[in-house]
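Visitor: I have not seen this structure before, and I would like to learn how to read it step by step. Could you take me through it?

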Amino acid sequence: MEILLIDKVFLIVIVFAVSLVIALYSTLAERKVSAFLQDRLGPNRAGIFGLLQPVADGVKFFFKEDIIPNHADKALYILGPSISMITALMTSAVIPWGSYIEFDGRQIALQVADINIGILYVFAVVSIGVYGIMIGGWGSNNKFSLLGALRASSQMISYEIAMGLSIIAVVMMTGSMSLGEIVRQQHGFNWNIFYQPIGFLIFCICAFAECNRTPFDLPECEAELVGGYHTEYSSMKLGLYLFSEYINIFISSAIMSAMFFGGYNFPFMDLISSPNLLAALGLIAFFAKILFFIFFFMWVRWTIPRFRYDQLMTLGWKYLIPLALANIVVTGTVMLISSSFK
Amino acid sequence: MNNILFLSLSLVSIFSAIMVIFSKNPMYSILFLVLTFFTLAGHFAIFLGAEFLAIVNIIVYAGAIMVLFLFVVMLLNLNKESEPNTPMISKIAAIIAGGMFLLVLFSALTNQIYAPEPLYTKAGEIGLVKNLGKILFDEYLIPFEISSVLFLSAMVGAVMLGKKDLKQG
């Protein structure tokens with residue numbers, strides 16, 4: 001398969017734009033979902049159904065006065081939200097958005113980079129994401145920010161372990177760490193969720209914790225910490241922090257659907273012969289799954305109260321990690337037994 | 001192309017490594033160390049073709065260990081005033097020890113420095129996960145297992161130290 005630079009550039013720009021637009025409209029969706037769950041109407045003044053609300057919010061963020069506190073460490077204060085945003089956008093490089101399309105006699109893979117350690121790349125970027133919060137929280141030179149940053153980073157480190165362990169079972173089954181290969185092996189309706197329900201449960205819980213979403217949103221717990229790590233932030237710097245959270249939700253939804261729900265695969269896909277139609281339908285299927293998971297994130301946020309901090313740590317270290325280890329052992333045993341019967 | 005890439009990456013890594021030492025603020029030191037790990041990972045991935053090593057380097061060092069360092073620095077709130085005044089004799093001792101270490105390093109590496117070839121031979125697919133796993137679990141099984149036992153003992157030791165009172169347990 002010939003790879004042209006222009007294809008990749010094109011793909012990168014599209015993925016970038018799509019992530020931003022989806023994150024933009026997630027903010028509206030969040031408010032609409034919360035309104036629905038609380039029997040309210042939600043924003044409905046700007047545009048029809050409030051469709052222009054995110055635009056209005058964005059404009060407002062840009063035009064607010066940008067304040068850098070006197071006592072803050074200026075360089076780190078600016079670096080914090082930048083790292084958060086960059087790492088949030090970087091992960092999308094290894095996600096396979098579709099199989100391939102045929103254009104001008106060439107096959108163009110709908111994945112920016114199919115590296116053979118794709119899933120580890122995701123983990124590396126996620127583990128760097130902690131720095132955005134830590135640096136911002138420390139650089140603000142405010143005790144609430146610092147406490148929020150400490151909570152965020154210890155939470156993210158703790159849940160990264162369980163998350164990695166839950167992935168190992170999938171990698172063992174697939175025999176590859178490339179996300180493209182993992183998705184290819186779930187062809188049709190052969191999705192990993194049927195083999196790894198516990199792995200998915202652990203991964204999903206950890207994804208909530210990594211995104212700092214309720215019930216794990218202790219880093220920005222309003223009742224205790226004012227605004228958490230972004231207490232001192234204003235204007236678009238605050239906007240970047242809040243925005244990167246929504247991009248992270250989008251990306252983790254994409255990874256959950258790719259790892260466990262077949263990505264762009266859908267049942268009876270073998271009936272379609274045209275590769276371009278297949279790619280289009282696959283893309284629709286993938287985005288339907290992603291949007292469902294984004295909704296799921298919001299659904300949980302407005303339904304479940306947050307944990308206490310010690311409960312959060314207990315859940316991570318005493319339940320999820322042993323469960324994930326047991327899952328690996330069971331998967332290995334079943335694989336060994338089934339391979340000896342073949 | 002490779003040369004320019006190698007030079008610029010090396011310059012950044014050396015600069016950030018130096019800045020680790022010269023930064024007044026420990027927070028900055030740690031961030032520069034993270035940058036150093038990144039450039040090293042870049043070297044592994046680009047010039048040695050060892051993607052797995054590069055990514056694990058980032059996950060383990062930049063993503064986990066350095067975050068713990070940051071934790072400690074954040075909580076200790078180190079600064080110039082609280083830094084203990086080291087006596088002159090220990091400074092001199094440190095200079096002598098460091099100089100001797102440099103001498104040993106230099107004499108050990110002096111034959112290696114002027115052999116730039118291996119840097120550019122992208123060592124095939126040795127760094128891929130599959131090959132690495134096969135080598136580790138085949139040729140080097142015993143060292144691998146022994147080092148994992150070593151890690152286990154380190155973990156047990158950390159837990160032992162972390163417990164305040166063993167009897168209450």
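Guide: We will go through confidence, the contact between the chains, and then some charged pairs.

Guide: This is a predicted model, in which local features need pLDDT of at least 70 and side-chain atom pairs count only at pLDDT 80 or more, while totals for chains, interfaces and linings use all residues. Residues are numbered from 1 along each chain as its sequence is written, chains are lettered from A and ligands numbered from 1 in the order in which they are written, and side-chain values use heavy atoms, with hydrogens and water left out.

Visitor: Where in chain B is confidence lowest, and where is it highest?

Guide: Where pLDDT is low, the predicted coordinates should not be read in detail. The term pLDDT is the predictor's confidence in each residue, from 0 to 100, and its mean over chain B is 80. Within chain B, helix α5 (residues 117–120) has the lowest confidence, at a mean of 48, and helix α7 (residues 141–162) has the highest, at 90; helices here are DSSP runs (H or I, at least four residues), numbered from the N terminus.

Visitor: How is the size of an interface given, and how much do chain A and chain B bury between them?

Guide: The size is often given as the accessible area lost when the parts come together. Chain A and chain B bury about 2100 Å² between them, 80% of it on carbon and sulfur atoms, where buried area is the accessible area (1.4 Å probe) that the two parts lose, summed over both. On the side of chain A that touches chain B, α3 (74–90), α4 (118–139) and α5 (143–174) each supply at least two residues, and α4(A) gives the most, with eleven. The contact (heavy atoms within 4.5 Å) takes 23 residues from chain A and 22 residues from chain B.

Visitor: How many salt bridges are there over all chains, and how many between chain A and chain B?

Guide: Side chains of opposite charge can pair when their charged atoms come close. A salt bridge is a side-chain nitrogen of Lys or Arg within 4 Å of a carboxyl oxygen of Asp or Glu; the whole structure has four over all chains, while the count between chain A and chain B is zero. One of them joins R301(A) and E30(A) (3.3 Å, N to O), linking helix α10 to helix α1 (residues 5–37) of chain A across 271 residues.

Visitor: Is E30(A) buried or exposed?

Guide: E30(A) counts as buried because its relative accessible area is 3%, whereas R301(A), at 25%, is partly exposed; buried means under 20%, exposed over 50%, and partly exposed in between (1.4 Å probe, protein chains only).
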